[in-house]
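User: I'd like a close look at one part of this protein, please. Could you walk me through a single helix pairing and what lies around it?

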Amino acid sequence: MTGDKKVLFSGMQATGSLTLGNYLGALKNWVSLSDEYECFYSVVDLHSITVRQDPAELRKRARNLLTLYIAAGLDPEKNCIYYQSHVSGHAELAWILNCFTYMGELNRMTQFKDKAAKHADNINAGLYTYPVLMAADILLYQADVVPVGKDQLQHLEITRDIAQRFNHLYGDVFTIPEPFVGRVGAKIMSLQDPSKKMSKSDENPNGSVYLTDDADTVMRKFKRAVTDSCANIAYNEEQPGIRNLIDIYCACTGKTPQQTVKEFDGKGYGEFKLAVGESVVDVLRPLQTKFAQLQKDKAYIDSVIKNNGEKAERFAAKTLRKVQKKVGFPERIR
């Protein structure tokens, strides 16, 4: 990591299993960014415990997620791929930033309201201050850019507000992050409800295709995909199910919606759904093969966890020391 590139930070939660939507919408596009940016990709396991987790399952999913990052093509020599919980600076900076964040700002966070409604029996302080930890994730690495979807844009906005407030008080400490504007990944919707994004937490298992689904499972899910009664393959808002299948097909084959509509002109939904399913199987096959190989190479994955964790720790420590000095904490005697 040279330090002469702009810094990009992103991460995914170690809950649930990654979906085709996560891959086509984000992970696939991350791979092309390492030549242009100094990239930090975190397995954000601290965020995961705002909802109760089975400890053994969380550890397993965190390792699988880190392994999937690599299987998808992220080179751990070019990208810093690490566990958030292995870098204590995330939690330390989050506490400091909590003291520069106003409750009124947190009260406006729509995602807190949504999650609180889903987990009414566990509305904890971590769920409430989640955006501050996210701000710490980003600011700790002096990130210039952050790839965010619409649902996370509000969190980036509060991150910018906190950073600007801190800088106003203490000088030029934090880089003010911008939303990443680059090649936008495909927005993949649920196969069972095309009005909703394909999600790791979908209660209907047929709504999401997971990256580790075998070929038979993938094909079965596409055969059951919701369509409509129009009986023609067209790319428009009035046929959201077919539009979603066209988006998936295009993301997997590189074709345009217009080419796809022309290719399947006069053909039935059944034939089209089979073709989309097969295109997904073809895309997932090399990723699944690599994932299986990596899972068997425990020593290699352990070395990535150790080496990349140390890289992240070193980078984070520079920011944390500067922040601690600015707020008036006593200097450590080394």
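Which residues of α10 meet which residues of α12?

Analyst: Happy to help. A word on the ground rules: this is a predicted model, in which local features need pLDDT of at least 70 and side-chain atom pairs count only at pLDDT 80 or more, while totals for chains, interfaces and linings use all residues. Residues are numbered from 1 along each chain as its sequence is written, and side-chain values use heavy atoms, with hydrogens and water left out.

Now to your pair. From α10 come I242, L245, I246, I248, Y249, C252 and T253, and they meet Y269, F272, K273, A275, V276, S279, V280 and V283 of α12; contact here means heavy atoms within 4.5 Å. By type, the residues of this contact divide into 12 nonpolar, 2 polar and 1 charged. In that scheme Ala, Val, Leu, Ile, Met, Phe, Trp, Tyr, Cys and Pro are nonpolar, Asp, Glu, Lys and Arg are charged, and the others, Gly among them, are polar.

As for geometry, α10 spans residues 240-253 and α12 residues 269-296; they pack at about 35°, with axes 9 Å apart. Axes are lines fitted to C-alpha atoms, for helices over the stretch in contact, and angles run from 0 to 180 degrees between N-to-C directions. The crossing is left-handed, that is, the near helix is turned anticlockwise from the far one by less than a right angle.

Both helices also help to cover α1 (20-30). Its buried residues are L20, G21, Y23, L24, L27, N29 and W30, where buried means under 20% relative accessible area (1.4 Å probe, protein chains only). Besides α10 and α12, their cover includes β1, β2 (37-43), α3 (55-71) and α9 (215-223). At the start of α1, a side-chain oxygen of T19 comes to within 3.1 Å of the backbone nitrogen of G21.

Just before α1, the loop that follows β1 (6-12) holds Q13. Q13 is buried, with a relative accessible area of 18%. Its side chain makes a polar contact of 3.2 Å with that of Y130; such a contact is a pair of N or O atoms within 3.5 Å, and within protein one must be able to donate a hydrogen and the other to accept it, with residues adjacent in sequence counting only if both atoms are side-chain atoms.

For context, the chain has 13 helices and 5 strands, taken as DSSP runs numbered from the N terminus (helices H or I, at least four residues; strands E, at least two). Of its 334 residues, 48% count as buried.

Terms used
Buried means under 20% relative accessible area, exposed over 50%, partly exposed in between (1.4 Å probe, protein chains only).
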